[in-house]
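Student: I would like to learn how to read a strand and its surroundings. Please take me through an example.

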Amino acid sequence: MASILPASNTSLRSDRNTYVGKSFVHVKNPYLDSMDEDVLYHLDLGTKTHNLPEMFGDVKFVCVGGSPNRMKAFALFMHKELRLEDGEEDIKDICAGTDRYCMYKIGPVLSISHGMGIPSISIMLHELIKLLYHARCSDVTIIRIGTSGGIGIAPGSVVITDEAVDSFFKPRFEQVILDNIVTRSTELDKELAEELFNCSKEISNFPTLIGHTMCTYDFYEGQGRLDGALCSFSREKGLDYLKRAYNAGVRNIEMESTVFAAMCRLCGLKAAVVCVTLLNRLECDQINSPHDVLVEYQKRPQLLISKFIKQRLGLCDQTS
């Protein structure tokens, strides 16, 4: 596959993770380097079965999203935007040997699905981060693009997350490890968020804003919905909760941002979350917009991220 970037300088200094003037992905696991082989089982990749530096060493942008179809569509879109020489038929699912995730490489861009919810995206992130580490990738930017429920904003608005918060509106991710609760920061890269927001000012088709994103463990009761198989609270309490979230700065709700922010921060990845809202949760619980409207909404984060990537690469601003 043709690359639009020059090959990176791979001259080492004292260890495999320190290159002159480059910021490398790192892992927080002292056992990895002592392993004879690292099998990335859910990605159908491995350090012995694949030459990861050759396959992925030039990756600079990683875009992740829940739906396999949406991430394939994004890969095809980026292929057009970057005007690569190879044809669309050459864009293959690198993870075709597994049915868990899909992955496409388009020049310096990696497009990967992560499924729905914290457990699914965390499994993918563990193996993705190890992949970038083994491939010796440097100066990588990772962005989650997805859909969400808005709070107090119009459907179709694009929210760039400045802070990923939990269900108590706190910027933290709590994970049970063995029999302990470990709390990790969900701080995202503020300069990256501002850069994305500045890019959005050149796109007049839809509103874009910066705000807090609340991450929950559930789509129904956990997000104050009244339309699930279970509902243990009143309409008034559900609406009061959403209003309190709005007053705390929350502008949208999804189910992946806290673990995404926490893991990327720990491993030296500049990360952002960019999600379109499909409804205003202060008005309704169910997504009932026409299909063609929802399809157009889902393209909005892709348009913004495409513009951002092209600006970073110094390419023409014109959209295909």
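**Reading a strand and a core**

Tutor: F61 of strand 3 stands opposite T141 in strand 6. This is a predicted model in which local features need pLDDT of at least 70 and side-chain atom pairs pLDDT 80 or more, while totals for chains, interfaces and linings use all residues. Residues are numbered from 1 along each chain as its sequence is written, and side-chain values use heavy atoms, leaving out hydrogens and water. Strands (E, at least two residues) and helices (H or I, at least four) are DSSP runs, numbered from the N terminus.

Student: In which sense does strand 3 pair with strand 6, and over how many bridges?

Tutor: Two strands pair if DSSP finds at least two bridges between them. Strand 3 and strand 6 (residues 141–150) pair in the parallel sense over four bridges. With strand 5 (residues 109–113), strand 3 has five bridges, also parallel, and C63 stands opposite S111 there.

Student: Which residues lie on each side of strand 3?

Tutor: In a regular strand the side chains alternate between the two faces of the sheet. Here F61, C63 and G65 are on one side, V62 and V64 on the other, and all are buried (under 20% relative accessible area, 1.4 Å probe, protein chains only).

Student: Which residues have the most contacts inside the largest nonpolar core?

Tutor: A nonpolar core is a set of buried Ala, Val, Leu, Ile, Met, Phe, Trp, Tyr and Cys residues joined through side-chain atoms within 4.5 Å. The largest has 44 residues, and V62, L128 and I142 have the most contacts inside it. Helix 3 supplies the largest share of this core, nine residues.

Terms used:
Buried < 20%, exposed > 50% of the residue type's maximum accessible area, 1.4 Å probe, protein only.
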